[in-house]
Amino acid sequence: MLSGNLIYKLYYAWWKNIDKKIFLLILFLFSLGLFFSLVSTSLIASDKLDTNNYFFFFKHLVYICIGLIVLIFFSSLDQKSLFKLSIYLFFISLFLLFLVPILGIEVKGSKRWLDFFFLPRFQPIEVVKPFTIIFIALILSSENNWNIYFKYFLSFLSILPISFLLIIQPDLGQTLLIFSSWFILVFISGLSLLLILSFSSITLLSLIYMVFYIPKFEYIRSRILSFFNPNSGTHNFQSQKAIDAISSGGFFGKGIGEGTLKNRVPEAHTDYIVSVISEEFGVVTIILLLLLFLFFIYTVFKKIYLETNEKIKLILVGSITLIILQALIHLGVNIRLFPTTGMTLPFLSYGGSSIIGVSILSGIILNLTKRKVG
């Protein structure tokens, strides 16, 4: 067993080298998520589950504690170990994603979750995403004497099985998130914009064809059609209630516990957390949250600007891109710019898979932005 003195030395070395501003921002975002979980789920627990008012809050707290352990673990590794471990974990998480169509549980027309006794409704894609970014970056920055277009091709092959497994769930929101992150990485690595736009157009047309002409995607098709037809569809009902909640909250909100959206829309504390927050605390709070996200992103990009290692740059850009895009998609769904996707808000939404996934990303970001020793 590790002695107390050794543990202290390891902790001191970790704390001395990490970027404390980024770490404190991450910690603050998690704390806000815990607070909003308390005010948005206490009534759900008491009314629907007939149990302790703080049932979801304590689960969220446990998830965050696990997430912080994961964050510290990944941020404390040396870079060589981080990259090597990430390759193994990429294939392990991909295998878990492969198990979803076989052993997964279906909820509301989608089969996206595995049911583990220690983590019920675990969504493997949340863990796949961080390691996919590292895997793509390692291919694109490889020192092997490969043609650059061959590297692009290999990186594209690496996301094909992920995209296929997501499409058959079906989960087009996460599919588009994976493709968008790949596009950004290959673009900043040097691929011409014309080729990216051409490939993007082909991909988009393929997705449109699948959604509207393959029966498997009827569930997603109904979501899209109800989005464009405000007078039909249960998914439109959710979006409309979210908009109503934001409107009724006004600038300063109704007050803690006074919101009604959390009791009227299923999974409001995950998919519609922005609307729940806005109803009780006002649009001003949402603006402040967005500014906090922007400050976090700005702080990481300052580090990226100073970084000279191409591999690290690509991983950092990919990691922060995942967070940005997921936050934008979540916000867009809440204000009815996009159809319902089931996308959580990083750091703030309730859910074990989401918290663990963003903790891995945060640990990677902290690892690659920490002070260089020697």
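Visitor: Which residue forms a salt bridge with Lys-303?

Guide: Happy to start there, keeping in mind that this is a predicted model. The Lys-303 pair bridges distant parts of the chain, with Lys-303 in helix H14 (residues 283–306) and its partner in the loop between helix H1 (4–17) and helix H2 (20–48), 284 residues apart. The closest N and O atoms of the bridge are 3.2 Å apart. The partner of Lys-303 is Asp-19.

Visitor: Is Asp-19 buried or exposed?

Guide: The cut-off for buried is under 20% relative accessible area. Asp-19 comes out at 13%, while its partner Lys-303, at 31%, counts as partly exposed. With its 13%, Asp-19 is therefore buried.

Visitor: How many salt bridges does the structure hold?

Guide: One joins Lys-303 and Asp-19. Another brings together the side chains of Asp-171 and Arg-112, and Lys-129 also forms one with Glu-126. The count for the structure is three.

Visitor: Where does Arg-112 lie, given that it meets Asp-171 in a salt bridge?

Guide: The N to O distance in this bridge is 3.7 Å. Asp-171 is in the loop between helix H6 (148–167) and helix H7 (172–188), and Arg-112 is 59 residues away along the chain. Both ends are buried, Asp-171 at 2% relative accessible area and Arg-112 at 7%. Arg-112 itself lies in strand E2 (residues 110–113).

Visitor: What separates Lys-129 and Glu-126 along helix H5?

Guide: These two form a salt bridge with closest N and O atoms 3.2 Å apart. Lys-129 is buried at 3% relative accessible area, and Glu-126 is buried at 5%. Because they are three residues apart in helix H5, the separation is about one helical turn.

Visitor: What is the volume of the largest cavity?

Guide: Three cavities of 30 Å³ or more are counted here. The second largest has a volume of about 40 Å³. For the largest, the volume is about 90 Å³.

Visitor: Which helix gives the most to the lining of the largest cavity?

Guide: Helix H5 (125–140), helix H15 (310–334) and helix H16 (352–369) each supply at least two lining residues. Among the residues of the lining are Glu-126, Lys-129, Leu-322, Ile-323, Ser-354 and Leu-361. With four residues, the top contributor is H16.

Visitor: How many nonpolar residues are in the lining of the largest cavity?

Guide: Salt-bridge partners Lys-129 and Glu-126 are both part of this lining. By class, the lining has two charged and four polar residues. The nonpolar residues number six.

Visitor: And how many charged residues are in the lining of the second largest cavity?

Guide: This lining includes Arg-112 and Asp-171, the pair that meets in a salt bridge. Glu-126 is there too. Its classes also include one nonpolar and five polar residues. The charged residues number three.

Visitor: Which residues make the nonpolar surface patch of about 450 Å²?

Guide: One member, Phe-153, has its place in helix H6. Phe-153 is partly exposed, with a relative accessible area of 46%. The full set is Trp-146, Phe-150, Phe-153, Leu-157 and Leu-160.

Visitor: What is the phi value of Phe-347?

Guide: Most residues other than glycine have a negative phi. Phe-347 lies in the loop between H15 and H16, and at 1% relative accessibility it counts as buried. Its phi is positive, near 75°.

Visitor: What is the C-alpha to C-alpha distance between Thr-321 and Ile-297?

Guide: Thr-321 is found in helix H15 and is buried at 7% relative accessibility. Ile-297 is 24 residues away from Thr-321 in sequence. In space, their C-alpha atoms are apart by 9.1 Å.

Visitor: Which residue has its C-alpha atom separated by 8.6 Å from that of Glu-307?

Guide: Glu-307 has its place in the loop between H14 and H15. At 12% relative accessibility, Glu-307 counts as buried. The residue in question is 62 residues from Glu-307 along the chain, and it is Thr-369.

Technical notes
Residues are numbered from 1 along each chain as its sequence is written. This is a predicted model: local features need pLDDT of at least 70, side-chain atom pairs count only at pLDDT 80 or more; totals for chains, interfaces and linings use all residues. Side-chain values use heavy atoms; hydrogens and water are left out. On a 1 Å grid over the protein atoms alone, a cavity is a set of points where a 1.4 Å probe fits but cannot get out, and a pocket is an open set with protein on both sides within 12 Å along at least five of seven lines; lining residues have an atom within 4 Å of a point. Grid points are joined across faces, edges and corners, and a volume is the space filled by probe spheres set on the points. Ala, Val, Leu, Ile, Met, Phe, Trp, Tyr, Cys and Pro count as nonpolar, Asp, Glu, Lys and Arg as charged, and the others, Gly among them, as polar. A salt bridge is a side-chain nitrogen of Lys or Arg within 4 Å of a carboxyl oxygen of Asp or Glu. Buried means under 20% relative accessible area, exposed over 50%, partly exposed in between (1.4 Å probe, protein chains only). Patches are made of residues with over 30% relative accessible area and no salt bridge: like charges are joined within 9 Å, nonpolar side chains (Val, Leu, Ile, Met, Phe, Trp, Tyr) within 5 Å. Accessible areas come from the Shrake-Rupley method with a 1.4 Å probe; for residues, only the protein chains shown count as cover.
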